[in-house]
Amino acid sequence: MGGFWDFPSVKDVSIDDWFWTPYLESVRTVMLPYVLDKFEEDGYLENYDRVARGETGGHRGPHFSDGLLMETLRGACDFLAARPDMALRARVDGIVKRVRAASLVTDGFLSTWTLLEAPDRRWGENGGDIVIQHDLYNHGALIEAAVSHYRATGETVLLDCAVRAANLICAYMGDAPKRNVIPGHSLPEEAFVRLFVLFRDTRALDEYAGAHGVHYDDYLRMADFWYKARGRHEGRGLSSRFAPAYNQDDAPFEQARQAVGHSVRAALCYTGAAAVAREYGDGRYTAALDAIWRNVYDRKLHVSGGIGTRHDIEGFDADYNLPGDAYLETCAAIAFMFWAGEMSRLRPRAEYYDGFERALYNNVLAAVGPDFTHFFYQNPLVSPGGVKRWAWHGCPCCPPMLIKLFSSLQSYIYSYRTGALNVNLLIGSRFETADFSIEQHDGRIRVDSRGRALTLRVRMPRFADGFGLSIDGRPLDYEAEDGYAAVTRVWADTVSLAGMDRLTRVFANPRVAAERGNVAVMDGPFLYCAEGIDNGGDVDFTIAKEPRLMRTADGVTGWRQGGGTFKLIPYYKWCRRATGRSEDDRMAVWFRQEDMRAEDELAREIGENLYGDYR
């Protein structure tokens with residue numbers, strides 16, 4: 001609405017890509033059932049059963065166990081929407097039945113830790129702690145799962161639970177005389193926008209809405225309240241363990257200009273704010289969002305696409321403090337990608353998907369082992385050895401977020417509005433509407449605009465060198481618009497892309513003290529690293545002035561200062577060949593550069609950018 005850009009639904013885009021097709025199939029058939037099995041073993045579903053039976057005590061798992069299960073359920077439903085699967089459908093139905101049974105014995109409140117262990121402390125009140133309890137986070141995850149479940153199945157059995165919860169929240173929270181409560185962990189903000197959009201745009205739900213007391217504008221107003229109320233603490237109990245900045249509650253949101261606090265909470269907070277801004281279409285929060293984006297993208301984004309340097313709060317640190325041993329939680333990189341996607345719907349800029357792509361192909365892929373059942377919580381850019389992915393974790397928040405992302409990846413490849421179509425990601429795929437069809441494979445994009453003019457906008461990736469478009473070998477003129485190559489015409493053509501093959505060194509802005517004098521190596525969107533097993537245990541070396549980088553079948557080779565070679569592999573493949581010798585397990589992505597150019601020269605060249613090509 002309002003001229004903003006739409007994403008296709010997960011069922012409208014099919015991925016046919018040499019890398020992503022088998023990868024996503026492994027997520028669907030290996031990772032997803034593995035994670036659901038683990039949640040079953042850990043008692044996450046038993047918590048709902050206990051609530052349904054009217055029991056108290058005995059909660060299993062963390063306070064946010066409901067949210068983790070519901071995020072995974074959302075991913076399962078998105079996979080179902082894209083591809084029918086009888087076995088997965090049966091499993092989803094079984095989970096929904098148990099969740100619904102618990103919901104129906106309450107007034108709509110469904111956060112099992114609070115119901116079982118502290119029923120008098122709902123929403124963190126009466127001596128509770130909303131930051132720790134995660135009550136609103138759990139409800140938000142329920143709502144987003146319910147929206148995906150309805151879109152996949154057309155059934156309202158889980159939507160019933162979401163509507164009861166959302167109506168309860170809208171009746172209880174808001175401006176006085178309602179209660180001043182905001183999320184201790186963001187996610188419900190965007191979830192309420194999703195629920196609003198579902199009812200606004202789905203005429204098949206009109207009768208249902210009337211019968212179930214749905215006033216869908218209330219859901220958007222609720223999400224908006226959670227931004228207006230930030231920094232206004234009157235009548236609200238604050239966390240005894242965390243400062244307000246930890247959950248982005250230190251100032252009114254419209255005044256925010258820097259990313260603060262816990263990085264997952266922060267990026268999800270900004271995701272929801274962008275969604276609210278889009279739906280109102282009146283510019284609210286956009287000044288804050290633009291400033292915060294600049295702060296992260298230009299000053300706080302690691303070369304791998306990771307965010308959140310500090311270990312103590314899993315969160316943001318000072319500008320330009322980007323050490324190799326930073327925290328870089330998997331969930332934070334995914335939340336950053338969700339935020340980038342929402343920002344692109346306000347105004348498509350190539351840098352949003354440059355950031356999305358950087359995080360996807362590096363921080364996020366590195367978090368998953370080759371068997372799809374081992375994971376990284378943190379994703380450092382240097383390791384002394386001995387680091388291993390875990391098979392399961394006491395805080396297993398990463399697998400659900402990974403499943404949410406991968407199950408919805410196809411919806412980010414394109415965005416569109418009347419008369420215009422963006423190609424955001426270069427992933428083999430097909431998308432068709434009544435107005436156009438588009439298919440891309442291996443640097444070629446086939447477009448048919450059904451005999452009408454269409455503006456095609458192809459993102460020019462940050463790694464492109466000599467980017468160009470052509471049809472049948474003839475160059476195609478384009479206008480550069482916010483990093484997209486735009487061409488308006490009647491389409492029945494195949495466009496070829498040039499300049500997409502680039503192996504290069506990159507350097508960080510000299511204000512990043514940790515990496516002064518250093519370079520990293522990237523091949524297209526992929527960051528590379530050195531492991532000890534390939535380099536005689538030595539990953540602390542200096543790259544020659546003219547390193548003569550060369551691709552090999554399994555990596556990149558080059559010359560060290562003083563002679564001798566080094567070998568690099570894609571960062572996402574690190575920690576796959578443990579030998580038991582810690583020196584073999586060492587890893588690094590930044591290396592000293594022989595005769596590095598002067599800092600003042602590099603500073604002038606890079607300007608306000610955070611990373612540049614070293615030539």
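Which ring does the charged end of Arg-345 sit over? In this predicted model, the ring is that of Phe-7, with the charged end of Arg-345 placed 5.0 Å from the ring centre. A second arrangement of this kind involves Arg-74, whose charged end sits over the ring of Phe-338 at 6.0 Å from its centre.

Rings also meet one another in this structure, and the count comes to 48 aromatic pairs. One of them joins Phe-526 and Tyr-572, with ring centres 5.7 Å apart. The planes of these two rings stand at 40°, a value that is neither under 30 degrees nor over 60, so the pair is tilted. Phe-526 belongs to strand β14 (residues 526-531), while Tyr-572 lies in the loop between β18 (565-570) and α17 (582-585). The pair therefore ties together parts of the chain that are 46 residues apart in sequence. Phe-526 and Tyr-572 are both buried.

Another aromatic pair, formed by Phe-541 and Phe-566, is stacked. Here the distance from centre to centre is 5.1 Å, and the angle between the planes is 20°. Phe-541 is found in the loop between β14 and β15 (542-543), and Phe-566 in strand β18, so that this pair, too, links distant parts of the chain, 25 residues apart. Phe-541 has a relative accessible area of 3% and is buried; Phe-566, with a relative accessible area of 1%, is buried as well.

Ring pairs can also be followed from one residue to another. Phe-526 and Tyr-572 belong to a cluster linked by ring pairs, and its other members are Trp-18, Phe-19, Trp-20, Tyr-23, Tyr-361, Phe-372 and Phe-406.

Turning to the helices, α1 (residues 20-41) packs with α4 (residues 86-103), their axes lying 12 Å apart at an angle of about 30°. Because angles under 35 degrees count as roughly parallel, α1 is described as roughly parallel to α4. The crossing of the two helices is left-handed. On the α1 side, Leu-32, Pro-33, Leu-36, Asp-37 and Glu-40 make the contact, and on the α4 side Leu-88, Arg-91, Ile-95 and Arg-98 do so.

Finally, a look at a single residue: Asp-585 is located in helix α17. Its relative accessibility is 10%, under the 20% limit, so Asp-585 counts as buried. Leaving aside residues up to four places away in sequence, Asp-585 touches Ser-383, Gly-385, Gly-386, Lys-388, Ala-578 and Thr-579.

Note on methods
Residues are numbered from 1 along each chain as its sequence is written. This is a predicted model: local features need pLDDT of at least 70, side-chain atom pairs count only at pLDDT 80 or more; totals for chains, interfaces and linings use all residues. Side-chain values use heavy atoms; hydrogens and water are left out. Rings of Phe, Tyr and Trp (its six-membered ring) pair if their centres lie within 6.5 Å; planes under 30 degrees apart count as stacked, over 60 as edge-to-face and the rest as tilted. Helices (H or I, at least four residues) and strands (E, at least two) are DSSP runs, numbered from the N terminus. Buried means under 20% relative accessible area, exposed over 50%, partly exposed in between (1.4 Å probe, protein chains only). A charge sits over a ring if NZ of Lys or CZ of Arg is within 6 Å of the ring centre and within 35 degrees of the ring normal. Axes are lines fitted to C-alpha atoms, for helices over the stretch in contact, and angles run from 0 to 180 degrees between N-to-C directions. Angles under 35 degrees count as roughly parallel, over 145 as roughly antiparallel, 65 to 115 as roughly perpendicular and the rest as oblique. A crossing is left-handed if the near helix is turned anticlockwise from the far one by less than a right angle, and right-handed if clockwise. Contact means heavy atoms within 4.5 Å.
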